[in-house]
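Student: Could you take me through one part of this model closely? I'd like a connected account rather than a list.

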Amino acid sequence: MERLRTTLGEAPLVELTTMVAVENMRSRTDSALGPASQACKDRCVVERPAGRRPMRSGH
């Protein structure tokens, strides 16, 4: 963690840690919901903050 903090800085490290936690939660939720949640992957689009491309859910 110290090497990442030195390399990235405090704010980007917090953002990275947050995104890892979000993806972990999403993965666990998809796993718990089973195949029905996978059908949404082709239809659902998650809105991203301005300046970032939209990302399909389930990625």
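In which helix is the place of Leu16?

Tutor: Happy to! This is a predicted model, in which local features need pLDDT of at least 70 and side-chain atom pairs count only at pLDDT 80 or more, while totals for chains, interfaces and linings use all residues. Residues are numbered from 1 along each chain as its sequence is written, and side-chain values use heavy atoms, with hydrogens and water left out.

Leu16 sits in helix H2; helices here are DSSP runs of H or I with at least four residues, strands are runs of E with at least two, and both are numbered from the N terminus. Leu16 counts as partly exposed because its relative accessibility is 39%, where buried means under 20% relative accessible area, exposed over 50%, and partly exposed in between (1.4 Å probe, protein chains only).

Leu16 also belongs to a nonpolar surface patch together with Met1, Leu4, Leu8 and Val20, and their joint accessible area is about 460 Å². Such a patch takes residues with over 30% relative accessible area and no salt bridge (a Lys or Arg side-chain nitrogen within 4 Å of an Asp or Glu carboxyl oxygen), joining nonpolar side chains (Val, Leu, Ile, Met, Phe, Trp, Tyr) within 5 Å and like charges within 9 Å. Areas come from the Shrake-Rupley method with a 1.4 Å probe, and for residues only the protein chains shown count as cover. Both H1 and helix H2 (10–33) supply at least two residues of the patch.

As for confidence, pLDDT is the predictor's confidence in each residue, from 0 to 100. It is highest in helix H1 (residues 2–8), at a mean of 93, and lowest in strand S2 (residues 55–56), at 52.
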